[in-house]
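Biologist: Could you walk me through this model? I'll ask, you reason it out.

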Amino acid sequence: MYNAHMNKDIRDLHDALLDIVGFMSRPEPDVALMSDMAMPLERALLPLLVRIDRRGPIGVVELADLVGRDYTTVSRQVARLDELGLVVRRAGTRDKRVREAEVTELGREMADAVDRMREELVGELMADWTNAERRDLARLLKRMAVDMNEWVVRRKSEDTE
């Protein structure tokens, strides 16, 4: 059955998510943060560092999937993070053929600085939201993210069968 209202809701949700991701990916906050840091970092490396901090240890292929970039590009960028001492790469814990990346203490400090800057920015934007509104938004977005991640896992397992 065609449900025009649900389709509009999904389109509105998609548009909102694209706007949010676009805003959070804007260069201005990252450029300001990097100018304040003792060790400036190429802007393209920040999302990788944060993902490795959150999900690590993580293989390059999985990381490339998460950030929607080509494996070879991500591999070069992770190598750069390793050169800078922000991550270490080692054989995987489950599969020794997989090279996993994990943040170093310096990498964690940098990821924490990114988190603080983003918290400050979003805190300003949500200053007039109630605590309940912020909690509801976080809960619902987390629920959606979990469902999306489970969908990806199911699709991958179907593709390998």
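Biologist: Let's start with Glu-109: is Glu-109 buried, partly exposed or exposed?
Modeller: Keep in mind that this is a predicted model. Glu-109 sits in helix α6. Its relative accessible area is 44%. Buried would need under 20% and exposed over 50%, so Glu-109 counts as partly exposed.

Biologist: How far apart are the C-alpha atoms of Glu-109 and Asp-128?
Modeller: Along the chain, Glu-109 and Asp-128 are 19 residues apart. In space, their C-alpha atoms are separated by 30 Å.

Biologist: And α6 itself, what does it reach from its first C-alpha to its last?
Modeller: The helix covers residues 105-125, and its count is 21 residues. At 1.5 Å a residue you'd expect 30 Å, and the model comes out close to that. Its reach is 30 Å.

Biologist: Which residues of α6 are buried?
Modeller: The cut-off here is under 20% relative accessible area. Two charged residues make the list, Asp-115 and Arg-118. The rest of the buried set in α6 is Gly-107, Met-110, Ala-111, Ala-113, Val-114 and Met-117.

Biologist: How do α3 and α6 pack, roughly parallel or roughly perpendicular?
Modeller: Their axes are 9 Å apart, and the packing angle is about 110 degrees. The window of 65 to 115 degrees applies, so α3 is, relative to α6, roughly perpendicular.

Biologist: What do the residues of that contact divide into?
Modeller: On the α3 side you have Leu-46, Leu-49, Val-50, Asp-53 and Arg-54. They meet Gly-107, Arg-108, Met-110, Ala-111, Val-114 and Asp-115 in α6. Sorted by type, the contact of α3 with α6 has 6 nonpolar, 1 polar and 4 charged.

Biologist: Asp-53 caught my eye there. Is Asp-53 buried or exposed?
Modeller: Asp-53 belongs to helix α3. Leaving aside neighbours within four places in sequence, Asp-53 touches Val-103, Arg-108 and Ala-111. With a relative accessible area of 18%, and the limit being under 20%, Asp-53 is buried.

Biologist: What about α3 and α5, at what angle do they pack?
Modeller: The helices here are α3 (residues 45-55) and α5 (residues 71-83), with axes 10 Å apart. The arrangement is roughly perpendicular. The angle is about 80 degrees.

Biologist: Which residues in α5 meet α3?
Modeller: From α3, the partners are Leu-45, Leu-48, Leu-49 and Ile-52. By type, the contact of α3 with α5 splits into 7 nonpolar, 1 polar and 1 charged. On the α5 side, the residues are Val-74, Gln-77, Val-78, Arg-80 and Leu-81.

Biologist: Which element gives the most to the largest nonpolar core?
Modeller: That core has 21 residues, and those with the most contacts inside it are Leu-41, Leu-49, Ile-52, Val-78 and Leu-81. At least two residues each come from α3, α4, α5, β3 and α6. The top contributor, with 6 residues, is α3.

Biologist: Which residues does the cis peptide bond join?
Modeller: Most peptide bonds are trans. In this one, omega is about -5 degrees. The proline falls in the loop between α3 and β1. The bond joins Gly-56 and Pro-57.

Biologist: Zooming out, in what order do the elements run from the N terminus on?
Modeller: The protein has 7 helices and 3 strands. Its C-alpha trace spans about 50 × 50 × 25 Å along the principal axes. The order is α-α-α-β-α-α-β-β-α-α.

Note on methods:
Residues numbered from 1 in each chain as written. Predicted model: local features only at pLDDT ≥ 70, side-chain atom pairs only at ≥ 80, totals over all residues. Heavy atoms only, no water. Axes fitted to C-alpha atoms, helices over the stretch in contact; angles between N-to-C directions. Helix = DSSP H or I, 4+ residues; strand = E, 2+ residues; numbered from the N terminus. Parallel < 35°, antiparallel > 145°, perpendicular 65-115°, else oblique. Contact = heavy atoms within 4.5 Å. Core = buried A, V, L, I, M, F, W, Y, C linked by side-chain atoms within 4.5 Å. Buried < 20%, exposed > 50% of the residue type's maximum accessible area, 1.4 Å probe, protein only. Expected span 1.5 Å × (residues − 1).
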